[in-house]
Amino acid sequence: MKSKDKLNFTCADCGTGSCSKGDGHFPEFCLTTQLTEEEIADIVELYNKNEEVRKLAIAGAEVEGGFYGKYTRVEEIMEFARRIDARKIGIATCSGLLNESRIFARILKVHGFEVFGVACKVAAIPKTEIHIGSEYIRRDGEPLCNPVLQAKLLNRNETELNVVVGLCVGHDSLFYKYSQAPVTTLVTKDRLTGHNPVAALYTAQSYYTRLLDGNWQ
Ligand code: SF4
């Protein structure tokens with residue numbers, strides 16, 4: 001590999017993880033070594049001086065460090081909520097995962113949280129209303145996923161931490177964009193892997209070799 005090609009590399013090409021290990025053996029293209037002292041100082045200042053950023057960063061670090069390998073993600077979310085003083089939890093759920101969201105809501109309530117949940121099909125607006133192509137509509141009157149309204153209803157109800165349960169790719173993007181409260185994700189939708197998308201990466205050199213085929217579509 002020529003050096004100039006390496007200049008286009010990023011962390012997504014890195015096999016060393018030296019920034020995490022702290023061993024000082026950074027690769028030639030390392031983003032860490034390209035930062036100026038001022039840029040690093042600015043970020044540190046943001047974490048220290050911005051109240052909201054600080055609260056989320058400290059709580060996230062405490063949950064990670066304090067319960068590493070001990071808590072399920074459900075428990076981590078509750079611990080994180082407690083540490084940012086969020087008592088009212090919003091659930092932005094896929095309509096296909098209402099059973100799972102009901103269980104999650106029950107767990108939250110058992111632990112003293114208030115819950116407000118909104119399903120993705122809320123308002124039951126037909127997909128045709130926003131001119132989605134007919135080839136993408138499986139039945140007459142099929143309602144569109146409505147992540148913007150999910151966020152707006154949670155915003156109106158002043159939820160303090162919102163949790164995504166299985167929103168579709170892209171619909172989750174809109175939800176993250178419109179949510180006023182911080183968002184974390186409990187379930188990442190992947191219909192083929194039982195909502196375990198990393199399975200496709202673990203098996204990209206066996207069952208899912210098609211993913212590494214440049215002509216997969
Ligand atoms: S910051 Fe440097 S060492 Fe860390 S993952 Fe990126 S390229 Fe690799």
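These are my notes on the ligand shell, a helix pair and the sheet of a predicted model.

Ground rules. I number residues from 1 along each chain as its sequence is written. Because the model is predicted, local features need pLDDT of at least 70 and side-chain atom pairs count only at pLDDT 80 or more, while totals for chains, interfaces and linings use all residues.

Ligand. I looked up the residues around the ligand (C-beta atom, placed from the backbone, within 6 Å of it). They are Cys11, Cys14, Thr16, Gly17, Ser18, Cys19, Phe26, Pro27, Cys30, Leu31 and Thr32. Helices α2 (18-21) and α3 (31-34) each supply at least two residues of this shell; helices here are DSSP runs of H or I with at least four residues, strands runs of E with at least two, numbered from the N terminus.

Helix pair. I checked α4 (residues 37-49) against α5 (residues 51-66): they pack at about 90 degrees, with axes 5 Å apart. Axes are lines fitted to C-alpha atoms, for helices over the stretch in contact, and angles run from 0 to 180 degrees between N-to-C directions. The two are therefore roughly perpendicular (65 to 115 degrees; under 35 is roughly parallel, over 145 roughly antiparallel, the rest oblique).

Sheet. I traced four strands in an open sheet, ordered β2-β1-β3-β4, with parallel pairing (strands pair if DSSP finds at least two bridges between them). β2 (114-119) and β4 (183-187) are at the edges with a single partner strand each, so one side of each lacks a neighbour in the sheet. The twist averages 25 degrees from one strand to the next. β3 (residues 161-165) pairs with β4 over four bridges. Asn162 has Val183 of β4 as its bridge partner.
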